Each structure stands twice: as C-alpha cells, then as structure tokens.
Amino acid sequence: SKTKATKSLPSVTAVNHRKAYEKSKRKPNTRSTDMSAIAKGISGKHRIAVIGSGWGGFRLIQGIDTRKFDVTVVSPRNHFVFTPLLASTAVGTLEFRCVTEPVKRSRVELYEAKCDGIDLVNRTLHCASTLDGFGPDKFSVPFDSLVITAGAVSNTFGIPGVKEHALFLKDVSDARKIRSKIMECFEHASQPNVSDDERAKLLHFAVVGGGPTGVEFMAELHDFITEDILKLYPSLKPFVSMTIYDVGKSILGSFDAKLGSYARERFTRKGISLRLGEAVSAVHQTHFTLSGGARIDYGLLVWSTGVGPVELIKEMTTGERAFAARDPTLGRLVTDEFCRVLGKDGVTPLTGVYALGDCATIKERALPCTAQVANQKGVWMYKALNRAVKDPSDIAPKFEDAGVMPFQYNHMGSLAYIGKWRAIVDMKDPTTPEAAGKAEPNPLQNALQFTPNTGIGAWLFWRSAYFTMSVSTKNKIQIPMFWILTWIFGRDISRIK
C-alpha cells in the first residue's frame, strides 16, 4: 500500500504541533483502543517511535533512557542482524543465531509491521502487520519524536529478472536460502543421470558486485567448497567454477588501490574468475546475459550491487505528497548535522523527525552506507535525546541549547575477508575532512594506524574487530565457539529447507 504522507509541506509551527500533541492525547488516531493505549504511553512519558531495527535503530533502543521515554519499534522483523558476519552464516562458518539479537526487551514495545505512511500533523504512523496468516491488519502508532532507521534494499537497477531469480544477502532468511541452494546444486550435480555439461552449469557460482559484501561472500564460499564440500564430492571438482562480475574496472573500489590489487591477485591464484567492466542486462532462471550479449549459465547467482531506498523513503521524498528532502545520488533522506530530517526545501528541519543509517545522509557530508556509520549515529542519537528532552511534551528539543554537539563520524577502518585466513584492512578515511565532520582522530584511531594491512595479521584484526562489535554477551560467547567448532570439525553441509 502506498504511503499516506501529509499533503502539505510540514511547515507547521510549534504552536500547531503542541495542539496536535494535545489532540492526540485526547483522541488517538487509531482503530484499536488497547494498542493505542500501549503506544501512547499511559505513564505520560515522551513517546518515541522507531521505524526499523537495523544498526542505527538497535543502538538507539539499547541506549535510550526508558525512564524518560516510551519507546515503540515498528519493524518487519523482530531481531537485529549483525550484517558484517552474515556471509559467514551463508556457508556455515557461523550459525544463524550467532548474528541475531532480539529487539523486544523490557520497556520497549515492538510491532512486527511495516510503516505505510507518516502523518506529521497528527504525529501518527500508519502501519500494517507483516505477520503471516493474520491478514493485512492495520493500526496507528502515535508519537512525539520519530526516528527513521528503515535501512535500504538491494539495488537491482531495474534489470529484468533480478528480483525473481537472483538471491540477495541482506538478512538471515537470505543466508538460509543461499546455504540451501549451494547444497542443492551439489546434490543435483552428483546424480548419475546428469551430463557433464549440466554439471558445469549447476556448479557455476556467480556473484554480481565486486564490493565488500560480494567479495567476502565469494571468499567464504570458496573456503566452504574447497575445505568441506569437495572432500565429500571429489568427483565434482573439475566442474566447479566461481566468478565475480562487476561493471567497474576493479573489485573493492572503495579500498586503497594496492589493497584491491592484492585481493584480486589472491582470488586469481585460488581460481576465482573476475569479469570486470561488463554489466548484466537480464537474468533468467538458469542463466543471465551480459551487455555484450554473452550468455552465462549458473547454479547460484548472488546479487550484491549496492543499495537503494525502501518504498517508505521513496514516498517521503518523491511525488505529489513528498515532504522530505531527497539525496539525488542514492535517493536517501537528507538530514542536518543533528540528524534531523530536512523538509522538501532542503533547509528547514522537520519537527521531531530524525533519520539514521542507510536510509539517510547528512547534507553536504557524503558518509558511506556502512554498519559503522549507522552504529555511530545510533549511539549519538540516544545520547542526544537523553540529554536534550526535558519535558514529555517537548517535540522540538533544541540540541544546541542542551550542549549537544553535532554528529561527528570517526572512521575506524574498512575491513574485508578474502579467504584462507587472509583479510585486508584499509585505515584510509573514505570521506573528506568536511564530510567526516572535521572530527579529530581519537587515541584508538591513532593506535589502529599500525594494524597490518594484509595477510594473517589483518585476518586476526578482522575477526577481533567484529567479535568486539558484537552487540551482546550471548553473541560474544557463541561467535568464537562456532569459529572453534568449524576449525575442528568443519562446516555442516546438512541441507535444511
């Protein structure tokens, strides 16, 4: 369903916002009285609605002071996903539970739903349940402050057949499909009635996109196949091939050129093919075509070519009912340096509306769409709200008056696993000093300058960094435990549908 955004530009004065707030307190705009009472917050606290449960939203939920705020999360999934290790779960290096964390917790309300529209005048979200088997139940969630952390979707660039036939790597459900498909290809190819030509087609594993996600998945896949699968299917080794396709002239374009070349050489030596400078024009069930007309047969196709805006963000920034500024490069929301969403004029912040993560960018500061950026924004956001909101009815807190400094991004390095206990580490800040908020390097950044850039040392740093970033004690125990189990016993090749 299409977003029901307000028809007029949100230039509502503080007085009108206060009236709307009082009106929502008296007569909430919702179909369910019980749900409205929960969302409204019987305690009379300031009501914060959070759209999404990714890095920015989850960090916000972890740190927000629930003694001051009633927090309601609207998200299609009830868990957070530790995306940097998602590729490891797709091949069994880690199990799926190692990279997830429940969003639901004490004093935080969660609705598994999608937000279809935002009514800024009445301070209300229009939502629809995403639970299977219960129909499109619709309800409303009142709010005083809104934090949009809706994330992004894989960008298909409108290429025919991608959504229907390719697999993505954005969620645990994607990783499960990929692991099952890998084993399906080998099981099918091992059957006696399959010809050698058909085996070669089934065992061609293709990745479109030479960025960090595509490269790390290919590295994990190569380890899985060479270290575990081929030990059980040795007769299929001559038919296995792995290829990365990218429209650019190199892989890992966001990394230092020398590191990109190192990764390319490592892949070439391991037998992973790279077809660069070629675009995919169409995808079919068992093959895809390149812009030059070549037909490529495949057994598994993983699509990893960057991100684009979700439907809610499109509705907010384009069309007749648009009310927020749009970033022309990636279609994201535009915010000021305090993460406040800017109105359609690109200048005036919307009252009490904030945006974090991949769905937003700061005006004139081109920060990358990474977990690192979203994580830091989430931490900054909960600290800012905890400090600036003094009164439950204050829907337009002045961060400057409360002594809150603008968001500053501290780059902690770019990491990529390239297989066989090797990784690359790039400490170069991909942003300009202006884009990074002119943040001074902290002591940790200075220490990280001595981190090995390549090899086993970089791999140890890669693993220790993500172990440290894991968001719970439970995951800090599970992740190294499964690393050790995989090292001792190998990866599980069971195909569980």
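# Salt bridges, aromatic pairs and a cavity

The side chains of Asp144 and Arg47 form a salt bridge, with 3.0 Å from N to O. The model in which this contact is found is a predicted one. Asp144 sits in the loop between strand 7 (138-142) and strand 8 (145-148), while Arg47 belongs to strand 1 (residues 46-51), so the bridge links distant parts of the chain, 97 residues apart. Is this pair buried or exposed? Asp144 has a relative accessibility of 1% and counts as buried, and Arg47 is buried as well, at 1%. The cut-off behind that label is a relative accessible area under 20%.

Side chains of opposite charge can pair when their charged atoms come close. Over the whole structure, the search finds 17 salt bridges. One that stays within a single element joins Lys181 and Glu184, at 3.4 Å from N to O. Both residues lie in helix 6 (residues 172-189), and the three residues of separation amount to about one turn of the helix. Here the surroundings are partly open: Lys181 is partly exposed, at 27% relative accessible area, and Glu184 is partly exposed too, at 33%.

A further bridge runs between Arg491 and Glu227, whose closest N and O atoms are 3.0 Å apart. Arg491 is in the segment after helix 14 (473-489) and Glu227 is in helix 8 (residues 212-232), so the contact ties together parts of the chain that are 264 residues apart in sequence. Arg491 counts as buried, with 12% relative accessibility, whereas Glu227 is partly exposed at 26%. These two residues also belong to a network of salt bridges in which Glu227, Asp228, Lys420 and Arg491 are linked.

The aromatic side chains come next. A pair of aromatic rings is described by the distance of the centres and the angle of the planes. The count for this structure is 17 aromatic pairs. One of them is formed by Phe288 and Tyr298, with 5.9 Å centre to centre and 35 degrees between the planes, a tilted arrangement. Phe288 is part of strand 14 (residues 287-290), and Tyr298 is in the loop between strand 15 (295-297) and strand 16 (300-303); the two are ten residues apart. Phe288 is buried, with a relative accessible area of 0%, and Tyr298 is buried at 6%.

What geometry does the pair of Trp380 and Phe399 have? Their ring centres are 5.8 Å apart and their planes make an angle of 75 degrees, which is edge-to-face. The label follows because planes over 60 degrees apart count as edge-to-face. Trp380 lies in helix 11 and Phe399 in the loop between helix 11 and strand 22 (414-419), so this pair connects parts that are 19 residues apart in sequence. Both rings belong to buried residues: Trp380 has 12% relative accessibility and Phe399 has 0%. Elsewhere, one aromatic cluster is made up of Trp55, Phe58, Phe80, Phe82, Tyr417, Trp462 and Tyr466.

Strand 14, which holds Phe288, also takes part in strand pairing. Strand 13 (residues 280-283) runs antiparallel to strand 14, and three bridges join the two. In this pairing Val280 stands opposite Leu290 of strand 14. The two strands form a hairpin, with three residues between them. In a regular strand the side chains alternate between the two faces of the sheet.

The last topic is enclosed space. How many cavities of 30 Å³ or more does a search of the whole structure find? There are two, and the largest cavity holds about 40 Å³ of space. Its lining consists of Arg332, Gly357, Asp358, Ala360, Thr361, Leu367, Pro368, Cys369, Thr370, Val373 and Lys377. Sorted by class, the lining has five nonpolar, three polar and three charged residues. Strand 21 (360-362) and helix 11 (371-388) each contribute at least two lining residues to this cavity. Helix 11 is also the element in which Trp380 of the edge-to-face pair lies.

Notes:
Residues are numbered from 1 along each chain as its sequence is written. This is a predicted model: local features need pLDDT of at least 70, side-chain atom pairs count only at pLDDT 80 or more; totals for chains, interfaces and linings use all residues. Side-chain values use heavy atoms; hydrogens and water are left out. On a 1 Å grid over the protein atoms alone, a cavity is a set of points where a 1.4 Å probe fits but cannot get out, and a pocket is an open set with protein on both sides within 12 Å along at least five of seven lines; lining residues have an atom within 4 Å of a point. Grid points are joined across faces, edges and corners, and a volume is the space filled by probe spheres set on the points. Helices (H or I, at least four residues) and strands (E, at least two) are DSSP runs, numbered from the N terminus. Ala, Val, Leu, Ile, Met, Phe, Trp, Tyr, Cys and Pro count as nonpolar, Asp, Glu, Lys and Arg as charged, and the others, Gly among them, as polar. Rings of Phe, Tyr and Trp (its six-membered ring) pair if their centres lie within 6.5 Å; planes under 30 degrees apart count as stacked, over 60 as edge-to-face and the rest as tilted. Buried means under 20% relative accessible area, exposed over 50%, partly exposed in between (1.4 Å probe, protein chains only). A salt bridge is a side-chain nitrogen of Lys or Arg within 4 Å of a carboxyl oxygen of Asp or Glu. Two strands pair if DSSP finds at least two bridges between them.
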